[in-house]
Amino acid sequence: MRRWFAKSLNRKLSLLILFAIVIPLLSTGVVSYRIATSITEDKAKLAGMNTLKQISDKLDFVTQDVEIMSMFLIGQKDIQTYLNSDVGDVNSYLQIVGTLWNLSYSKKYISNITITPINGNPALYTTTVTNSGLNALIEQDKSVYESAVRWWSPLYATQTSDGPKRVISLVRPIRDINTFKMIGTLAISIDQSELERYLTQAGWEESGYVLLLNQHTDIISGGDPLWLGRSMSEVFPHMGPFLDTSSIQSYKNSAQQYTVLYNPIPRLNWKLVGFIPTHIYRAQNEYVVTVTAVAIGIALLLAVLMVLYFLQWVTQPLIKLTQYLKDLNPDDTIPRYEVKSIDEVGLLVHSYNKLSERIGWLKEQVQQNEAMKKEADILALQAQINPHFLYNTLSSIHWIALRNKDHQISEMVGALSDFLRFSLNKGEEFCSVQQEISHAQNYAYIQSIRFPDQFTIEFFIDPEMQQLPMLKLLLQPLIENSLIHGIQKKKMKGHIYVHGELLEDQMKFVIEDTGIGIEELKLRDISQQLASAHQQLGRLNQAPKELKTSITSYGLINVHRRLLLHYGAQSGLQVYSTVGVGTRIAFSIPLLKGETVI
């Protein structure tokens, strides 16, 4: 069997490639499933915690509104007069009741407002209460009530003219504002059904629920109505303690398992507890398993078919190539490379021994050409760090700071920082069109501060080009050329326009200015230098040293050479100019087949 595999490259590649595809696919499926399940659970927990925080904000707003209202009522002049008067005044009574009714009418969560005088005058209320459990609770927690500035009661039942209700009340003693003597009691009741509406309308997980606990961890809203008023430990035994900060824990009862999210309301020492059934995760995880299994199955089937086709496609030419290479006889003697296999690759290596020296020589030539290409890019990067430009810019920043003392200096420093960061970013050759445009805009912004009211610049870029890749540092040198040689030499304010157009198979960029233009003799000289760069590109492999020549317009020529090196002879600069009218520079970048958006 081993010898049978050793004699055929096709068999060995089939086994190797199938293993190389099947194992990573299965591993990817397992890892993807675990990551997906973890993300599903984390997203549910994060969404639940955000929901609890939103509910907490609503409840905090309601309770704070009630407390502010109580402070207003305690100090209200008519109420103070009524509570201090030994004789009840009907007009005062009706006026105060009207005030209380107006305060509570627009607030659905307020069930009743009651003011009970100590002097025996009739109690003031917005809804007639025929039976209330509040007095018993006050007597039960009398020491806490009398010592506290405000006291929130536990949940209790009350019978009003609107029917039976369950409420919690903010109870505060009313004292004379002059003698600080207690003259009555204020109770503002919040309808428990309105609190429950906040909990049920929050969009919580299906089949889950949210509970609102008071400072004694008694359930005051949410969940099963039979739980209301009962202790959390009684309804959910063996649940872990709640901390002072948001937390997550697991809980399992006889029916099912839950993920419990907890968020406190610190100002009242209340707590929100949300329960998410874990079967929600499992249902989503089963869907992920199904999708992953189907995807891997399809991928495996396609991989097997492609491997079989690929091996037939690859090995047949290799067999022919080995027959051709084994008969080659190079002129020079080369070192022998040990042949260890007897398949097609072994024969190919045997022939490669005869060609290795020639291949090595060609490799050196390619490396030399690549080194020259890198050198041209490095020169372009170095040209961006113009000391004269940096010194003038920093000097401008300094004087702006001394003269204006405003935030303009920070914006200029930010633009300069982005400019330098893009220019020196790890020596990368390519960027997106959007990044190149941002770099050019940073440069234009800096120059607009250095030379205020001397020029304007506008960018007209096809939105579909924004994420396409291009060679970096092409637009800024051309804009700088327009500004220095065209606009600044003009007495009037100039304009620069940058156009970017996406054609069928290329991107076209045009930089136009309304500067002084280029004289015919100088324009002819620039055109000759651009043409010379084309010729030098064609002789690159034969005479690299001929690239060193006298250049009078370094910025344009350097951009032109980089375009030629990276995109070919069809992508060079095209310069058009009319004296007194302006200059137009254009270049095109081909869209390579298979090029993707970065």
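This report walks through a predicted model, from the whole chain down to single residues.

**Ground rules**

Residues are numbered from 1 along each chain as its sequence is written, and side-chain values use heavy atoms, with hydrogens and water left out. Because the model is predicted, local features need pLDDT of at least 70 and side-chain atom pairs count only at pLDDT 80 or more, while totals for chains, interfaces and linings use all residues.

**The whole chain**

The chain has 598 residues, and 41% of them are buried. Buried means under 20% relative accessible area, exposed means over 50%, and partly exposed lies in between (1.4 Å probe, protein chains only). There are 16 helices and 19 strands in the chain. Both are DSSP runs numbered from the N terminus: helices are H or I with at least four residues, strands are E with at least two.

How much of the contact total comes from residues 24 or more positions apart? They account for 65% of the contacts with a separation of 6 or more. A contact means heavy atoms within 4.5 Å.

**Cores**

A nonpolar core is a set of buried Ala, Val, Leu, Ile, Met, Phe, Trp, Tyr and Cys residues joined through side-chain atoms within 4.5 Å. The largest one has 61 residues. Those with the most contacts inside it are Leu211, Leu212, Met232, Phe236, Leu272 and Phe275. Helix 2 (residues 9-74) supplies the largest share of this core, 10 residues. Apart from it lies another core of 43 residues, including Leu474 and Leu563.

Take Leu212 from the largest core. Not counting residues up to four places away in sequence, Leu212 touches Leu59, Leu195, Leu199 and Leu272, among others.

Helix 7 (residues 192-200) has buried residues too: Gln192, Glu194, Leu195, Tyr198 and Leu199. They sit on the same side of helix 7, because they cover an arc of only 165° around the axis. That arc is taken from the directions from the helix axis to the C-beta atoms.

**The cavity**

The structure holds 1 cavity of 30 Å³ or more. On a 1 Å grid over the protein atoms alone, a cavity is a set of points where a 1.4 Å probe fits but cannot get out; lining residues have an atom within 4 Å of a point. The largest cavity has a volume of about 30 Å³, which is the space filled by probe spheres set on the points.

Which residues line the largest cavity? They are Asp141, Trp151, Trp152, Ser153, Pro154, Asn214, Gln215 and His216. By class, 3 are nonpolar, 4 polar and 1 charged. Here Ala, Val, Leu, Ile, Met, Phe, Trp, Tyr, Cys and Pro count as nonpolar, Asp, Glu, Lys and Arg as charged, and the others, Gly among them, as polar.

**Single residues**

Most residues other than glycine have a negative phi. Thr217 is not a glycine, yet its phi is positive, near 55°. Asp453 also has a positive phi, about 60°, and is not a glycine.

The table places four residues.

| Residue | Place | Relative accessible area |
|---|---|---|
| Thr217 | loop between strand 8 (209-213) and strand 9 (219-221) | 25%, partly exposed |
| Asp453 | loop between helix 13 and strand 14 (455-461) | 66%, exposed |
| Lys108 | loop between helix 4 (90-105) and strand 1 (110-117) | 65%, exposed |
| Asn442 | helix 13 (residues 433-450) | 16%, buried |

Two pairs link distant stretches of sequence. Lys108 and Ile190 are 82 residues apart in sequence and 8.8 Å apart in space, C-alpha to C-alpha. Asn442 and Met412 are 30 residues apart in sequence and 8.8 Å apart in space, C-alpha to C-alpha.

Notes: On a 1 Å grid over the protein atoms alone, a cavity is a set of points where a 1.4 Å probe fits but cannot get out, and a pocket is an open set with protein on both sides within 12 Å along at least five of seven lines; lining residues have an atom within 4 Å of a point.
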